[in-house]
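I opened this notebook to keep track of what I looked up, one topic at a time. The entries follow the order in which I went through the structure.

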Amino acid sequence: MKRTLLLISGFLILTSCNFETKKISSEEVLDQESKMLNWKEVDEYPAFEDCQQETELAQAKNCFERKVAENIYAYLAKQQPVVTESIDDTLYLYLEINKQGRPKIDSIVSIDTTLTNQLPRIKDWLYQSIDSLPKIYPASKRGIPVSTVFRMPVLIKAE
């Protein structure tokens, strides 16, 4: 009797539960997932060949920025400009690395007009220094190449 009662109650429990499944398309899953991702952060920063072994995100970013700065300063040092006043200024370079790894100056912001008066070709030199960068591997988010923009201070000193 107990066994029959247990069997009947088990049967009622199983048949009273209404399992409903809903098929979700891959587009809906992708849409939901992309809403949850923080697109302002990347999984991997852009990298030069020398920086690809860096596994920590902060170290990879520092390596990339250091290499860009070294290249800019080396290029500017080759120009050997002549100035009539001493210059000690910082300008800010907004550098975009696109999905293909190509660098492009988004904008250059200078604080002091003395800099542009003393070095009228400074912007040309900065563009040329960025054009001479070695191959860059783009940043990625979940294995997908993405564009990134960096704000880089460039200290200009001349006497």
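Entry 1, burial and the disulfide. Before reading any accessibility value I wrote down the cut-offs: a residue is buried when its relative accessible area is under 20%, exposed when over 50%, and partly exposed in between. I also noted that this is a predicted model, so every value below is computed from that model. With the cut-off in hand I looked up Cys51, whose relative accessible area is 2%, so Cys51 is buried. I then turned to Cys63, which has 4% relative accessibility and therefore counts as buried.

How many disulfides does a search of the whole structure find? I found 1 disulfide in that search, and it joins Cys51 to Cys63 with an S to S distance of 2.0 Å. Cys51 lies in the loop between helix H2 (26-36) and H3, while Cys63 lies in helix H3, so the pair ties together parts that are 12 residues apart in sequence. Is this disulfide left-handed or right-handed? I read a torsion of about -80° about the S-S bond of Cys51 and Cys63, so I recorded the disulfide as left-handed.

Entry 2, two further residues of H3. I looked up Arg66, which is placed in helix H3, and its relative accessibility of 43% falls between the two cut-offs, so Arg66 counts as partly exposed. For its distance to the cysteine in the loop, I noted that the C-alpha atoms of Arg66 and Cys51 are separated by 10.0 Å, with the two residues 15 residues apart along the chain. Asn71 also has its place in helix H3, and at 19% relative accessibility, which is under the 20% cut-off, Asn71 counts as buried. Leaving aside residues up to four places away in sequence, I listed Ser129, Ser132 and Leu133 as the residues that Asn71 touches.

Entry 3, the overall layout. I then stepped back to the whole protein, where I counted 5 helices and 5 strands. Going along the sequence, I wrote the pattern as α-α-α-β-β-α-α-β-β-β. Of the 159 residues in the protein, 28% are buried. What share of the contacts with a separation of 6 or more comes from residues 24 or more positions apart? I noted 73% for that share.

Entry 4, the strands. I followed strand S1 (residues 87-97) to strand S2 (residues 103-110), and found that the two run antiparallel and are joined by 7 bridges. Two of the partners I wrote down are Leu93, which is bridged to Ile108 in S2, and Ile97, which is bridged to Pro103 in S2. S1 and S2 form a hairpin with 5 residues between them, and in the turn I found Gly101 with a positive phi of about 90°.

Which strand pairs with S1 over 11 bridges? I found that S5 does so, in the antiparallel sense, and I noted Leu95 with its bridge partner Phe150 in S5 as one example. As a general reminder to myself, side chains in a regular strand alternate between the two faces of the sheet.

Entry 5, the largest pocket. I next looked for empty space, and the largest pocket holds about 240 Å³ of it. Its lining has 14 residues, and those closest to its centre are Leu76, Pro81, Ile156, Lys157 and Ala158. Helix H3 (57-79), helix H5 (122-131) and strand S5 (148-158) each supply at least two residues of this lining, and S5 gives the most, with 4 residues. Sorting the lining by class, I recorded 12 nonpolar residues, 2 charged and no polar.

Entry 6, the cavity. How many cavities of 30 Å³ or more are there? I counted 1, and the space in the largest cavity is about 30 Å³. Its lining consists of Ala69, Ile72, Tyr73, Met152, Pro153 and Val154, with H3 and S5 each supplying at least two of the lining residues. By class, I wrote down 6 nonpolar residues for the cavity lining, with no polar and no charged ones.

Closing the notebook, I marked helix H3 and strand S5 to look at again, since I had met them in the lining of the largest pocket and in that of the largest cavity.

Methods:
Residues numbered from 1 in each chain as written. Predicted model: local features only at pLDDT ≥ 70, side-chain atom pairs only at ≥ 80, totals over all residues. Heavy atoms only, no water. Pairing = 2+ DSSP bridges. 1 Å grid on protein atoms, 1.4 Å probe; cavity = no way out; pocket = protein on both sides within 12 Å on 5 of 7 lines; lining within 4 Å. Points joined across faces, edges and corners; volume = space filled by probe spheres on them. Nonpolar A, V, L, I, M, F, W, Y, C, P; charged D, E, K, R; others polar. Disulfide = S-S within 2.5 Å. Buried < 20%, exposed > 50% of the residue type's maximum accessible area, 1.4 Å probe, protein only. Contact = heavy atoms within 4.5 Å.
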